[in-house]
Amino acid sequence: MSDNRLVNPLDNGRPTLVDNLIDGWELVVGLEVHVELATATKLFSASANRFGDEPNIHIDPVTLGLPGALPVLNRHAVELAMRIGLALDCTVQPSTFHRKNYFYPDMPKAYQISQYDQPINIDGHLDLPNGQRIGIERAHLEEDTGKSTHVGGPSGRIHGSSHSLIDFNRAGVPLVEIVSRPDMRTAEEARQYVTELRGILLAVGASDAKMEEGSMRCDVNVSVHKPGTMFGTRCEIKNVNSVRSLGRATEYEARRQIAMIEAGETVRQETRHWDENDGRTYTLRTKEDADDYRYFLEPDLVPLDPSPEWIQAVREALPMLPGARRTRLGAATGTAPDSEAVMVVVERGQDDYVLAVGHLGGDVARALVHVKEAYADQGAEPSVAAQDLALLTRMEVGGKLTATQAKAVLADIVEAGGGDAQAIAVAKGFEALDTSSLEALVDQAIAENADAWSKFQAGEGKALGALVGAVMKSSQGKADGKLVTALLNAKKG
Amino acid sequence: MNTPLSSLTTATSIAQAVRSGDVCAADVVDRYLAQIVIRESDVHAFNLVLTEEARQTAAAIDAEVAAGRDVGPLAGVPIALKDNMCTRGIPTTCSSKILNNWKPPYDATVVDRLSAAGAILIGKTNLDEFAMGSSTENSAFGVTHNPHALDRVAGGSSGGSAAAVAAGFAPIALGSDTGGSIRQPAALCGVVGVKPTYGYVSRYGLIAFASSLDQIGPFATTIEDAALVLDVIGGHDPQDSTSIPQAHPSLRQVLRTQDVTGMRVGRITDLPEGADPDVTERLEVAFDTLRAAGAVLVDVQVPAFAYALTAYYLIAPAEASSNLARFDGVRYGLRVPAADTNAMYSATRAAGFGPEVKRRIMLGTYALSAGYYDAYYGRALKVRRLIADDFDRAYRDADVLLTPTSPTVAFPIGSKGDNPLAMYLCDLYTIPTNLAGHPGMSVPFGTGADGLPVGVQVLAGTLGEAAMFRAAAALERSMQ
């Protein structure tokens, strides 16, 4: 049985995941993420950097590697690379370009111009939402290749195809390759890393970072070892085209390696291809048949040495990054920065809006919940005036509306793109119950649900739902759920 | 028409006469085309003669002059271009089968500048394939013969351009110089040849041999013409990142004062031996000439000079192995069909490249390979640094240095064909300049054995073109 036809270890009963270990094995994950920069033109020529157009229209002598053509570095690409580096707390240093030599039909010069031993950005880090720090080894500039399409065969892959077509529109598009340190220990951390990195790239405007369109591509380095021992031999997984695939491919590859080691086999260092359809990785090439890239300094370019003034200007122009925005929103709302509400609202760019509700006298904590629940279709600039949401949250915390009522009123406001919460509440006949009438309803619910009451008294938390539900029903939704719970707890003694 | 056409043999005089309306560009072109008809079949300087195109350009220039417009400093001057510089819509072959009949969709920067200055492209000249060689025998399209002795080589790799000027096919030509490919054929053909400072002339559109060494420069019959051409083609080009980002002072202006009084002319006392006595004899005359003209002779040492050849034959092939990788049959040029892509690459490159090109690609690939890089390419780079440092020290004491250009006069065709090392030694005295990035030029300075031309090489430090041209002009003047 050849290596790439291993029995899928996932089929053999899933081992349990305890303390981030799989049957006592720890994963070690590092990521190489390529992002296409959002420049108007290519890294070394004036052709447009645009995705999705008719093939071979964004080409020129440099893009096609015609004899005699020479590269000229795109200043805007350098600026975007610096933005990425500075957003990841890297050091921006004087750098050089090298040639990486290998033959491939969609690589016009038969070498890729890339940064090798002196990349523009080094030694940074990225903090996951839970505060865990992932090291960034480097983030360097390089050019993209063209794109081959293999036709006339059954699979769309080169094997069995009758001929290949090449589109050079992508050739020479500027890329930054961001190389993490092997600091992740689970597939979930890898997913979080990529999600967070994507948020940063979007925030600084460096890339549209669309994995499905290929403007953000991940290569995953995976190895397994027993905690406290040396790292295992790693495999690099290519063709990972979504955050979901990233998690799946990492899990699969880890379990494949564990199964091999436990069967007494040795993991070989190799590059593997993730097949999304059958959920496995396959050998692409082994270390032995890897190309010798014969790197040497690109003689057609001069060293890149951004002035301290330029670096400082780029640093000062950076926007607030997602992590800082989560911290700010979490602090303002008394919510954990990695809570779902904070994560979602910051990702949608609606945190400024929530904070504005607070500045207008509204309740930011309630605003956070409402925006998270009701503003999924609104962008960073919601159509509902912050003033309108501020009034609604004031009524809610003032006891004039229950959470349920507030939600109903807000639904109308969002639907209409704005509105007066007071007027809508009156029109809906909403008035919150006072405590004494609420207490009567609570007593009635206890009497009518004796079984649930005794279970609740015995400490069975689940019984609470039945009792609260009964009160909500008898009050026709006007009761405040939190108040009902408080009353029930008080009565329990 | 008061100037007889036959008296106009320099670019300077032709341009002046055409600009003033004294002669027609059409008549100038026809005279040179006639010379080509008479001798080209013997010399074989050209891969392509652009008879019709040249006549059309000349007619257009004459119309411009008639309309009272200034056509530029090279008005009506025919120029021959080494066939490794891109010309839009005109075949550019590098004398290689792999680019046979390839027509670039763009012009090299030098072509744009020549054309804007009113020059007339009269033909594309023969070269050693991809500029790899010192005799223009390594051409896929035949050998170029020395106009002074048809059984001798014209030198190389820009042998076609040198021969074209020497044979009177054009008053000026362009070549490229990676290790001596302008200066050595200029010496062998008895014309002026200049390799400027690296970055003086844009390389955009020059098909690369070794990018960190290649530099375009002129061939001419006079120092003044060479200065005229350099003034037109030199200067910063935003399309070449390695071109020097500044304007250069006019070399023609420099030549208005040709005095060399007090100029420090250096003799390299540890220069590697190997030049023939007839060549060194002329070099001694050159030293005497400059001293008589008021220059001060000084002795300098350039210890690393002797290691230049070895370093060069690692660095240049290493870069070439990468530069020539693009000739893969995928997008342009020759393609030999085969079963799969890798087989197509091999078949195409096996059929398309000649033996010297293959030799250098293999040498360079080896020098850059994992496990060998440090021992070969890496050490060669260190030697290169040493050479530049040694020269820089020498230029603290001297304004220019004189050496032989070529160790010998033109040698018989076929005499070194089976001995690559003997051929490589032709560039013994020219290669160090390329490694240092400095300017150098060959000045025709009398004759040696068998009455064949001898060139003296004038070298200078970075952007030392002014001193170099003044010294060269003093040598030229002594020959008149």
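Hi everyone, let's talk about aromatic rings. Counting over all chains of this predicted model, we get 24 aromatic pairs.

Let me start with one of them, A:Phe44 and A:Phe97. Their ring centres are 5.9 Å apart and the planes meet at 80°. Edge-to-face needs an angle over 60 degrees, so at 80° this pair is edge-to-face.

Where do these two rings sit along chain A? A:Phe44 is in the loop between strand 3 (25–36) and helix 1 (75–87), while A:Phe97 is in the loop between strand 4 (91–92) and strand 5 (98–101). The pair therefore ties together parts of chain A that are 53 residues apart in sequence.

And are these rings buried or exposed? A:Phe44 has 5% relative accessibility, so it counts as buried. A:Phe97 comes in at 3%, so that residue counts as buried too.

Now please turn to A:Tyr293 and A:Tyr295. This aromatic pair is edge-to-face, with 6.1 Å from centre to centre and 70° between the planes. A:Tyr293 has a relative accessibility of 22%, so this tyrosine counts as partly exposed.

Over to chain B for a moment. Which residues come together there in one aromatic cluster? They are B:Trp102, B:Phe130, B:Phe327, B:Tyr332 and B:Phe353.

Last topic: lysines over rings, back in chain A. A:Lys226 lies over the face of A:Trp25, 4.5 Å from the ring centre. In another case, A:Lys492 places its charged end over the ring of A:Phe456, at 4.8 Å from the centre of that ring.

That's my tour, thanks for listening!

Methods: Residues numbered from 1 in each chain as written. Chains lettered and ligands numbered in written order. Predicted model: local features only at pLDDT ≥ 70, side-chain atom pairs only at ≥ 80, totals over all residues. Heavy atoms only, no water. Phe/Tyr/Trp six-rings, centres within 6.5 Å; stacked < 30°, edge-to-face > 60°. Helix = DSSP H or I, 4+ residues; strand = E, 2+ residues; numbered from the N terminus. Buried < 20%, exposed > 50% of the residue type's maximum accessible area, 1.4 Å probe, protein only. Lys NZ or Arg CZ within 6 Å of the ring centre and 35° of its normal.
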